[in-house]
Amino acid sequence: MNILVTGGAGFIGSNHVRMLIGKTDDRVVNLDLLTYAGNLENLTGIEDHPRYRFVKGDIRDADLVASLLAEESIDAVIHFAAESHVDRSLDAPGAFLDTNTRGTQVLLQCALKHELDCFVMVSTDEVYGSLDPHAPGFTEETPLAPNSPYAASKAAADLLCRAYHHTFGLDVRITRCSNNYGPYQFPEKLIPLMIANALEDRSLPVYGDGQQVRDWLHVSDHCRAIDLVLRQGRAGEVYNVGGRNEWANLDLVKRLLEILDKPESLIEFVKDRPGHDRRYAIVADKIRGELSWQPTFAFGDGLAQTVQWYLDNRNWWEKIRSGEYRAYYDSMYGDGGRYQGRS
Ligand code: NAD
Ligand code: DAU
């Protein structure tokens, strides 16, 4: 197959490109704008592979997308490209609508004209909104109720995919996954941020009471799920993906400190994220039953391996943290920042 991956220089996209190059015979064209979150160092070692091509460009550029689909005889699109960080969407929602929603519509329109075989939309469990502590998890039938601008922009994109299938017959398949962790995750997200801060003996900013719950899944298990949906899934279907692995943020941060042998006194409770979703939990029975998918990583092993990756690749995250990202961190967590001070 000839596959166009969008956002393949980001966290999940780069893990997916590595998997495709390493484990399949597919040709992979990676279209990525290299925003602050896109990093070609995530793809070191495969840049010269004969089945791989990188194109720096914007998913919102219809001419570019159309020409790539044609000249590379693309069979399938796997769409990762997005503005992905909830906190940033609170300060600059416009960029989220523009990239996540309009960008997805541009891709869908180009896919339709090209008569693409299959479009996989990498959506998110955040489209379902927030769960009460003892409520059953999200199923594919749970009504969408996004709470942040990020989640709303993804929900709109997700529904556009549904519409292009329903109205125009485009073969679109949607995955809605829970929180990922693993190598190459940008250090603005909870797990890498806490690992990096702990290694530098800086405080660990826990939002609110730290009792918000997330359902963590190793990135390679997410990538395998996406691959199964592409090869064996059904057109027009939604597949939830999750690890049945719920952790309160505070417990997870304490676990990381234990692995790193650092004191809990580094934890600092800061102001809560406005509109903060209390709990996510995914019921992944459909993909388990229909596509025989299941997570392969036990969380303890995956977390220990991930911590080891950040220890072994200090240079990767130190470079990020010493550059442009430094200003973002100060604006969020520094004096006068959104998450300054004790809650
Ligand atoms: P990320 O922020 O690490 O990577 C996003 C990538 O998209 C970057 O390489 C960036 O340069 C690229 N990009 C942004 N705007 C672009 C544009 N206009 N044109 C081309 N490329 C552009 O994100 P991630 O965490 O790897 O998430 C990837 C996808 O998976 C997103 O769609 C996200 O909503 C979804 N998702 C993420 C998680 C998670 O836990 N991280 C869970 C479920 C779903
Ligand atoms: O559920 C899937 C989603 O998971 C994806 O769609 C998003 O792209 C991805 O960013 C992630 O969203 P979250 O908001 O859940 O992830 P984040 O890593 O930002 O935060 C995880 C939890 O940790 C959340 O409850 C907020 C909290 N948190 C986060 C940061 C960065 C803190 O307490 N302190 C922090 O400094």
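Trainee: What makes the pairing of an oxygen atom of ligand 1 with a polar backbone atom of I12 a polar contact?

Mentor: The two atoms are 2.8 Å apart, and a polar contact is a pair of N or O atoms within 3.5 Å (within protein, one must be able to donate a hydrogen and the other to accept it, and residues adjacent in sequence count only if both atoms are side-chain atoms). This is a predicted model, in which local features need pLDDT of at least 70 and side-chain atom pairs count only at pLDDT 80 or more, while totals for chains, interfaces and linings use all residues. Residues are numbered from 1 along each chain as its sequence is written, chains are lettered from A and ligands numbered from 1 in the order in which they are written, and side-chain values use heavy atoms, with hydrogens and water left out.

Trainee: Which side chains hold an N or O atom at such a distance from ligand 1?

Mentor: For a nitrogen atom of ligand 1 the partner is in the side chain of D58, at 2.9 Å, and for an oxygen atom the partner is in the side chain of S84, at 2.7 Å. The protein buries 96% of the 840 Å² that ligand 1 exposes when taken alone, areas being from the Shrake-Rupley method with a 1.4 Å probe (for residues, only the protein chains shown count as cover).

Trainee: What is the make-up of the shell around ligand 2 by class?

Mentor: The shell has 11 nonpolar, 8 polar and 6 charged residues, where Ala, Val, Leu, Ile, Met, Phe, Trp, Tyr, Cys and Pro count as nonpolar, Asp, Glu, Lys and Arg as charged, and the others, Gly among them, as polar. Oxygen atoms of ligand 2 lie 2.7 Å from an N or O atom in the side chain of T124, 2.8 Å from one in that of R214 and 2.6 Å from one in that of Y333.

Trainee: Why are α10 and α11 called roughly perpendicular?

Mentor: Helix α10 (residues 299-312) and helix α11 (residues 314-322) pack at about 70 degrees, with axes 5 Å apart; axes are lines fitted to C-alpha atoms, for helices over the stretch in contact, and angles run from 0 to 180 degrees between N-to-C directions. Angles of 65 to 115 degrees count as roughly perpendicular, under 35 as roughly parallel, over 145 as roughly antiparallel and the rest as oblique, and α10 and α11 are therefore roughly perpendicular to each other. Both helices are DSSP runs (H or I, at least four residues; strands are E, at least two), numbered from the N terminus.
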